[in-house]
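User: I should like to work through a protein model by question and answer. Please show the sequence and the structure before we begin.

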Amino acid sequence: MKNIAAISVGAFFGAISRYLISQLYVTDFPTATLFINVLGSFILCFVAQITIDHIKIKPAVRHMITTGFISSFTTFSTFIIEIIKLISKGEAAKAFVYPVLSILLGLFAALLGYEAAEFVATRKQKEEVAQEV
């Protein structure tokens with residue numbers, strides 16, 4: 001029950017964050033969803049990596065961030081609807097570029113998140129060793 005409550009809290013804040021960011025980007029290109037999905041890729045990979053191998057946090061907190069926040073923050077269905085809208089408006093080039101950018105930038109952000117987690121963990125380990133000396 002604790003995990004479900006934590007996921008619910010995370011989902012609430014993820015959905016609100018998504019809405020607020022979507023209000024900042026009003027263009028012909030689905031910039032908000034692209035930004036949200038790239039940022040979500042980074043956060044998900046960073047949190048997953050750092051909490052698995054380096055920093056131990058309670059499972060409920062991990063679920064709140066990953067399953068709750070990130071799952072409601074990013075969305076595949078909006079992504080698909082936006083592609084369909086671009087196609088229906090006759091904007092084939094944008095309809096092609098958008099998913100390609102989403103996948104490539106999302107993958108890059110996820111790799112960056114992984115590397116950032118490794119960097120933070122290595123730095124923390126070095127600080128701990130230095131304190132022991």
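User: Which backbone oxygen lies 2.9 Å from a polar atom of the side chain of Ser102?

Analyst: This is a predicted model, in which local features need pLDDT of at least 70, side-chain atom pairs count only at pLDDT 80 or more, and totals for chains, interfaces and linings use all residues. Residues are numbered from 1 along each chain as its sequence is written, and side-chain values use heavy atoms, with hydrogens and water left out. Ser102 has its place in helix H5 (residues 92-132), a helix being a DSSP run (H or I) of at least four residues, numbered from the N terminus. The backbone oxygen at 2.9 Å from its side-chain polar atom is that of Tyr98.

User: Is Ser102 buried or exposed?

Analyst: Buried means under 20% relative accessible area, exposed over 50%, and partly exposed in between (1.4 Å probe, protein chains only). The relative accessible area of Ser102 is 11%, so this residue is buried.

User: Which residues does Thr66 touch, not counting residues up to four places away in sequence?

Analyst: Thr66 is placed in helix H3 and is buried, with a relative accessible area of 12%. A polar atom of its side chain lies 2.8 Å from the backbone oxygen of Arg62. Beyond four places in sequence, and with contact meaning heavy atoms within 4.5 Å, Thr66 touches Leu44, Val47 and Ser71.

User: What average pLDDT does the protein have?

Analyst: pLDDT is the predictor's confidence in each residue, from 0 to 100. Here 100% of the residues score at least 70. The protein's average is 90.

Conventions
Helices (H or I, at least four residues) and strands (E, at least two) are DSSP runs, numbered from the N terminus. A polar contact is a pair of N or O atoms within 3.5 Å; within protein, one must be able to donate a hydrogen and the other to accept it, and residues adjacent in sequence count only if both atoms are side-chain atoms.
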